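Me: Please take a close look at a single part of this structure and describe how it packs. One connected answer will do, with the cut-offs spelled out.

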Amino acid sequence: MSVVDRFGLVNENSYLVVYFPATGTAIPFRVLARVNKGFEVFNYGPLPITTTTTLSSYDGGTVTPPASGVMPARSYTPDLAFPAISGTPLVNARDTSDIWYLDENDRDRLFHVKMFVYPPIIRTDIRIPINVTQLRFQKERVVIGVSTVLGFTRGALEFIRLPYLRYGLRFGNDTNLNLYTFVSFIYAEYVVEVPRDADVIADILLKRVPSYWFTMPISYQDPGISDALRRVYGFTSTWGFKLYRHDQREQALKEYSSVLASLKS
Amino acid sequence: MVRWLFTVHGTASPTASGQSGVFTLTTPDVYGSFSFIRIPSGFKAKIWAKRIGGTAAFMAIVNFAPDATVPNPNWVAIDREYLASAGTLELEKRRPIVVYGKSGTEGIQFAYSNTGGSGTIFIDADIELTDEEE
């Protein structure tokens with residue numbers, strides 16, 4: 001039985017591992033349920049930019065879109081979130097300015113989102129927390145992303161939305177064309193739990209148990225992330241569980257038990 | 001890897017034989033009009049098919065410039081098709097015309113040279129922007 005389905009979303013009773021490169025730690029989640037199983041596709045609509053959005057130009061200065069949802073030529077956006085579409089039930093979302101936002105009491109939930117942007121030539125990156133550039137080159141020497149020549153994808157981006165953290169999505173258009181845009185999502189709303197057994201956690205992180213690993217695009221230890229992981233899950237001193245070698249299992253079990261003791265129920 | 005296939009449309013109304021110009025292009029994916037397409041660095045522009053037609057004979061020309069961003073780009077013809085008389089000519093390429101974006105300043109445009117007096121002429125072209133190897 002595969003850990004993921006045809007969309008690349010984690011199946012029920014499988015494990016999702018959220019790995020943080022900045023700290024070399026990870027949080028394993030057991031997926032108890034998928035709330036929207038069978039209904040994963042969400043055609044959102046144009047990018048949430050309007051004629052009042054100020055974008056930066058690749059050629060210097062700023063640009064405003066000629067119409068809502070249009071990515072102006074040679075420009076990139078500030079950090080964006082996807083607001084609720086007016087006139088739809090999404091206006092009842094927890095935060096109408098960011099439909100993927102989960103608050104600190106939503107520790108049993110995660111969103112796994114695959115975002116597709118049309119035209120696919122549009123650049124995209126993500127900043128976690130919002131406005132904190134995480135993509136770096138040569139340690140922290142060079143900041144990269146949609147505003148530069150590297151550090152972005154085109155047309156598609158996958159992310160795991162952790163509760164209480166604000167994410168910023170940026171989009172860039174390095175062509176000379178004012179592009180009409182369209183965004184669709186394939187997503188899963190998972191009901192999750194962090195395993196409470198150190199042996200299980202060790203088996204997952206030592207890759208003895210199949211799981212889906214997602215590497216968070218986080219290379220900088222921002223205090224906002226520490227705060228969120230403490231508030232939501234109770235990780236007081238680490239961002240999850242440190243990775244160990246196979247020959248360090250005993251040491252890992254000891255530390256994992258200590259970390260588990262601090263977790264919220 | 002990214003593939004974006006789109007069709008551009010251009011019309012012109014030359015008034016005399018010997019008149020030449022550049023097609024102003026539109027496509028449903030783009031707001032407004034444009035006169036050339038800049039090719040991002042690492043991408044290729046593939047012109048898979050062209051449809052040219054009109055009420056006057058004309059030469060349809062694909063131009064390339066290594067730097068389309070300067071005030072007077074050095075446009076060079078890389079492909080020509082001749083519409084000998086009023087009508088339509090459909091040209092589908094089993095192998096497309098491929099233009100590489102190396103520095104990211106390269107561009108292509110569609111131009112015409114009229115040989116048949118006044119009339120309305122048009123060009124449609126199916127273009128793919130891709131960073132795939134083939």
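Reply: The part described below is domain 1 of chain A, beginning with its helix α1.

The model is predicted: local features need pLDDT of at least 70, side-chain atom pairs count only at pLDDT 80 or more, and totals for chains, interfaces and linings use all residues. Residues are numbered from 1 along each chain as its sequence is written, while chains are lettered from A and ligands numbered from 1 in the order in which they are written.

Chain A is assigned domain 1 (15-34 + 195-262) and domain 2 (41-190); such bounds come from an automatic or database domain assignment. Helix α1 of chain A spans residues 198-205. Helices (H or I, at least four residues) and strands (E, at least two) are DSSP runs, numbered from the N terminus.

The buried residues of α1(A) are I201(A), A202(A), I204(A) and L205(A). A residue is buried if 20 or more other C-beta atoms lie within 10 Å of its own, exposed if 12 or fewer, and partly exposed in between, with C-beta atoms placed from the backbone. These four residues lie on the same side of α1(A), because they cover an arc of only 165° around the axis; the arc is that of the directions from the helix axis to the C-beta atoms.

In chain A, these buried residues pack against four strands, β1 (15-20), β2 (25-34), β17 (211-215) and β18 (241-242), and against helix α3 (249-262). Contact here requires that the C-beta atoms of two residues, placed from the backbone, lie within 7 Å. Just after α1(A), K207(A) takes a positive phi of about 65°.

Domain 1 of chain A also touches domain 2 of chain A: 17 residues of domain 1 are in contact with 19 residues of domain 2. On the domain 1 side, β2 and α2 (223-232) of chain A are the elements that give two or more residues, and α2(A) gives the most, with five residues. By class, this side of domain 1 has 12 nonpolar, two polar and three charged residues. Ala, Val, Leu, Ile, Met, Phe, Trp, Tyr, Cys and Pro count as nonpolar, Asp, Glu, Lys and Arg as charged, and the others, Gly among them, as polar. Taken over C-alpha atoms, the centres of the two domains of chain A are separated by 27 Å.
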